[in-house]
Structure formats: structure tokens, C-alpha cells
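Please walk me through one part of this structure, starting from a single strand and moving outward to the elements around it.

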Amino acid sequence: MLTLAKQVAAALKRRESAVMVTVVNARGVDSGVKLGAKLLISADGLNHGSLGSEDLDRAACEQAADAIEEGEPRLKQYLPDGTLAPRRSRTYVQLLFEPLLPPDRLLVIGAGHIAVPLHEIGTILGFEVIVVDDRADFATRERFPHADEVLCIPFGTVPAQVAIDRTTYLVLVTRAHEHDEAVLKRVADSPAPYIGMIGSKRRVITVYRRLLEEGVTPEQLARVYAPVGLAINARTPQEIAVAVMAEIVSVKRQGKGNHSALRELPRSLQTVAGAARPPVSLPEF
């Protein structure tokens, strides 16, 4: 049987969230509850270990989903029967809930000159970095030594080969707008919290027009940060990479950065989206 530590490592490798619950204090409790007892609760409800009491195990499981959602450690006090202890109770068991979450993932689509510093900064910030390109001479470990994965695959197959979840931050920095379209129309409705696309406003509008004609909705486009990056007047690949990663951090932490992205669909695209529909606002910054 795997130890709790190995269970945690295996869950995180599968990019599954879990909660480690530990008895950190107990007062007036005569049951089998012992300090340091641990219970690992996975996101799918599987349990490993025990707090020494079925009632406490049950109470901890009921709190697991909230602990994962909050993403921060929390302390809670319970009575031996698993109900929450009153504030001044002389009998209680104090449990520490520690969310164990997989690292945020930076998915860089395109392995050109901006992708190189982008993957380096992403690594420094603690992201799991995956770089994708369809050119074997660009998608190499030598070019991206810090990436967790470097994939040489057709752009349109990205969603099928890389799991995109609510911890995946996508950046489209391909060499041509047709490649942006191939990916964007497949990820626009994904749970990714951030989708950014490189390019001038003219290029962005061209991509949006084609996607609207192909059935992508204005609401889906409203999730895209394009042109990508905070408005810091970046010029070099390194500066652009800084602007992009700063924008990702701003979105992740709900900051108030000054974004470069379009704020609403241009009038020329409103008719493509449907003349009877009200103007659709893009991300609110």
C-alpha cells in the first residue's frame, strides 16, 4: 500500500486536487483521536488514512470540496461527534485542512522568438510549462530547456492531446493567424481562466471575423485577451513575455493591470456576430 506521501505525489502527477487533514490539537477527547493523525481526501472522494474517528472522517470529507475551492489552509474545530464546536467549547478537536493543488499550467502555443523568454519566466513563476509547435526544428528540448513538456504536434490537435482545465493558462504566439484560429476555435469554450493571443489589433480582428463566421460566439471571444499582455509599450520578445506573464498574474490574482486587449467587438464585427444582438463587451479590466 502506498504511503500518504506517495499518494499525494501520485495525485499531483495526475493533476488531481486533494486535501490533507491533520489533527493538530485536541482537548477533553477520550476517543481514539491522536495528535498528528492524518486523512487524505482526493477530489473524487477517495480517502486514505483516518483521523481516528468515523464521525471526524465524515465531517472532514464534507469540508473537502470547500477547502479545495478556497485553495488556502484553514483550521476548524469539531466536537467528537463531527459537529462544529462552539467557540468557547472545552471539548474539541482542531483540524488543519491543507489543499494540495497541482501547479498552474502555462500552455504556450507556438515556439517562436517570444515563446523562449515566455517559458523561462513561466518557470520562474512556478508554472508547469508546456510548449507546442508543429515544426520539429522549433519544438525542441534544446530550445526550451526549462519546459516540462515540448510537443511537436499539429496546432489543431492541442485540445485532444493536452488536458485544459481551470488551472491552465493559454498563450497563442503562433507564426500565422490561421494557426491561432485552429486552436482558438477549439479552446474558446474551455474552462481555462486565461486565453491570450498575440498580434496587432488588425490581426486580432481578422481572426475574430473568421471565427464568428465559423460559429464561435461573441461571448466566447469575450474571454480572449487580444492583443495579449499588459500595456507597457513592450517591444522586444523579452519585454513582450514580461507583459504577457504580468497579465496572467493580474488575471490570476484579480489585479487591476492596464490591459492591451480589445474591450468590445468593433462595429465591423457586430454585424457578423448578429445585427440584432447588443454589442458584446470583451474582458472587463
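In this predicted model, both faces of strand β7 are covered, with Glu-128, Ile-130 and Val-132 buried on one side and Val-129, Val-131 and Asp-133 buried on the other. In a regular strand the side chains alternate between the two faces of the sheet. The strand spans residues 128-133, and six of its six residues count as buried, that is, each has under 20% relative accessible area.

β7 has a pairing partner in strand β6, residues 105-109, which runs parallel to β7 and is joined to it by five bridges. Within this pairing, Val-108 is the residue that stands opposite Val-131 of β7. β7 also pairs with strand β8, residues 149-152, again in the parallel sense, and here the pairing extends over four bridges. Val-131 appears in this pairing too, where the residue opposite is Val-150 of β8.

The connection from β6 to β7 involves a helix: β6, helix α3 (residues 115-124) and β7 together make a β-α-β unit that is right-handed. On α3, the residues that are buried are Ala-115, Val-116, Pro-117, Leu-118, His-119 and Gly-122. These buried residues pack against the two strands of the unit, β6 and β7, and also against β9 (168-172) and α8 (237-252). Just after α3 comes Gly-126, whose phi is positive, at about 90°.

Taken together, β7 is a strand covered on both faces, paired in parallel with β6 and with β8, and among the elements that the buried residues of α3 pack against.

Definitions and conventions. Residues are numbered from 1 along each chain as its sequence is written. This is a predicted model: local features need pLDDT of at least 70, side-chain atom pairs count only at pLDDT 80 or more; totals for chains, interfaces and linings use all residues. Side-chain values use heavy atoms; hydrogens and water are left out. Buried means under 20% relative accessible area, exposed over 50%, partly exposed in between (1.4 Å probe, protein chains only). Two strands pair if DSSP finds at least two bridges between them. A crossover is right-handed if, with the strands pointing away from the viewer, the path from the first strand over the helix to the second runs clockwise. Contact means heavy atoms within 4.5 Å.
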